[in-house]
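The exercises below ask you to read a two-chain model step by step. Try each task with the structure open before you turn to its solution.

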Amino acid sequence: MSNRAFLAVIGALAVIALLAFGVFKAEPSLAVGEAPPDAPLPRLDGSGDAAIADFAGSWVLVNFWASWCGPCESESPDIQSLLEDRADDGLVVFGINSRDATDSARAFEQELGLTWEMVRDGDGKRMDEYGIPGLPESFLVDPEGRLAAICRGPLTLRQLNAVVGPFLDGARPAAAGVPPFCEV
Amino acid sequence: MRAVRILAATLALTVLMPATAIAQQAPPSLPDIEDEVMCPTCGFSLALSESPQANQIRDLIRQLIDEGLTKEQIKDALVVEYGPEVLASPETSGFDLAAWVVPGLAILIAGAALTIGVRRWRSAAGGGPGVPSRLEPEPGDDERLAADLDRYRL
C-alpha cells in the first residue's frame, strides 16, 4: 500500500470513529436500586447548599421541574398535597429546579405555595446526570439513599399515592396502580 | 494633491465617527441577541425555537434590555442563569472542542495541499530537469504550422 493510500485509510477511519462516538455515546441512565447523583446544589432562595443525603433516613421524592414547564405546573400542587398528607410518615420532597430563570422559579414556587426543599440546577447538569430528556420527572429515594421508584413523566395525586404511598406504609406498590412510565 | 487627501480624510472621519459612536451607544435588540443564544432544552438557536423555555429566555432578554444592560452584560447574565450552554458557541473542552479545532485544521491541511499542488504544477510547467517546456516549439512544429496555413489559405 502506498503512503498516500495508507493516509487516506487512516483519515477515513478517523472520520468513522468520530461519527461512531457521536452516535453511540452512552447516555447516563439510572435504575432502581442504584444511588442517584447527589452532589450538593445551591438552594433556590440562595441560603446555602442542600443534598438528598441531608435527609438520610427519610423517604425522599426528588422532583425535577421548571417554571416554563406546563406539566410541572399541573403536577406541583399534587406533590404539595401528597407532602401535606404524608410528611408525618417520613416523606420529604426535594425539588430540583432545572434550566430555569431564578426569579421565574421563585415566583412559581410562591404562586403555587410550594413548601418543600428547592435547589437550583440552572445549567441542567444534574438533569443530564440523571439522563432526563424532559420535565417533569420524579425519583423516590429510600431511607438508605437508593432509588426505589423512577417516574419519567408528570404524576397526578392518585398516581403519586399509588407509587409512593405503599413504600411509606412498608409495602410495595401494586403493579396495577403503577403508571407505565414508572419503574419500581 | 496633498490638500485633497487631507480634505478627503477629514470628511471620512466626520462622516464615520458619529456613526461609530451611535453604534456603540445603541441599545441591543432581541433579534441581535437571539441568534447568539441557544435554547438549552431543545438544542436550537433561540431565533429558531418556539419552546416554552425559549419564550422564557426571550422574556428575560427583553427585561434585561429594558434595564439598560449591554449585549455582553445580557449574555453574561444568561450564562449565570442557564450555564455556558446557553451561548450558541460550542464549549472549549471535551467533544465540543472539535468544533473549534477541526475547521482550523481543515484550513491548514487545505492550504498545505494547495501550496504543494501549486509548486508541483509550477515545476512541471517551468520545465524542470528532463521535462520539456510546453512553451517551446517542438521539432517539426514549424512545418506543421506552415502546412496548416497553406491548407486554410483562400
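**Exercise 1. The centre of the sheet in chain A**

In which sense, parallel or antiparallel, do β4(A) and strand β5 (residues 117-121) of chain A pair, and over how many bridges?

*Solution.* Before starting, note that this is a predicted model, in which local features need pLDDT of at least 70, side-chain atom pairs count only at pLDDT 80 or more, and totals for chains, interfaces and linings use all residues. Residues are numbered from 1 along each chain as its sequence is written, while chains are lettered from A and ligands numbered from 1 in the order in which they are written.

Step one is the pairing itself: β4(A) and β5(A) pair in the parallel sense over 5 bridges, where strands are DSSP runs of E with at least two residues, helices are runs of H or I with at least four, and both are numbered from the N terminus. Two strands are said to pair if DSSP finds at least two bridges between them. One point to locate on the model is A:Asn97, whose bridge partner in β5(A) is A:Arg120.

Step two turns to strand β3 (residues 59-65) of chain A, which runs parallel to β4(A) and is joined to it by 7 bridges. Here A:Asn63 has A:Gly95 of β4(A) as its bridge partner.

Step three follows the connections. Helix α2 (residues 70-86) of chain A makes a right-handed β-α-β unit with β3(A) and β4(A), and helix α3 (residues 102-111) of chain A makes a right-handed β-α-β unit with β4(A) and β5(A). Right-handed means that, with the strands pointing away from the viewer, the path from the first strand over the helix to the second runs clockwise.

Step four places these strands in the whole sheet, an open one of 6 strands in the order β5-β4-β3-β6-β7-β8 (chain A) with mixed pairing. Its edge strands are β5 and β8 (182-183) of chain A, each of which pairs on one side only.

**Exercise 2. Burial and backbone around β4(A)**

Determine how covered strand β4 is, and then examine the backbone of two residues in loops of chain A.

*Solution.* Strand β4 (residues 91-98) of chain A is mostly covered, with 7 of its 8 residues buried; a residue is buried if 20 or more other C-beta atoms, placed from the backbone, lie within 10 Å of its own, exposed if 12 or fewer do, and partly exposed in between.

Next, A:Arg99 lies in the loop between β4 and α3 of chain A, and this residue counts as buried because it has 26 C-beta neighbours inside 10 Å. Its phi is near 45°, a positive value in a residue other than glycine. A second backbone feature is the cis peptide bond between A:Leu135 and A:Pro136, with omega about 0°; A:Pro136 is in the loop between α4 (125-129) and β6 (137-141) of chain A. For context, most residues other than glycine have a negative phi, and most peptide bonds are trans.

**Exercise 3. The surroundings of A:Pro42**

Find the element that holds A:Pro42, its degree of burial and its contacts.

*Solution.* A:Pro42 belongs to strand β1 (residues 41-42) of chain A and counts as partly exposed because it has 15 C-beta neighbours inside 10 Å. Leaving aside its neighbours within four places in sequence, A:Pro42 is in contact with A:Asp49, A:Val119 and A:Arg120, a contact being two residues whose C-beta atoms, placed from the backbone, lie within 7 Å. From A:Pro42 to A:Ile96 the C-alpha distance is 9.9 Å, although 54 residues separate them in sequence.

**Exercise 4. Two chains and their interface**

Describe the make-up of each chain, and then the side of chain A that touches chain B.

*Solution.* Chain A has 6 helices and 8 strands, and 35% of its 184 residues count as buried. Chain B has 6 helices and 2 strands, and 13% of its 154 residues count as buried. Helix α6 (residues 141-152) of chain B shows this exposure in one element, for 0 of its 12 residues are buried.

At the interface, 10 residues of chain A are in contact with 10 residues of chain B. The side of chain A that touches chain B has 3 nonpolar, 5 polar and 2 charged residues, where Ala, Val, Leu, Ile, Met, Phe, Trp, Tyr, Cys and Pro count as nonpolar, Asp, Glu, Lys and Arg as charged, and the others, Gly among them, as polar.
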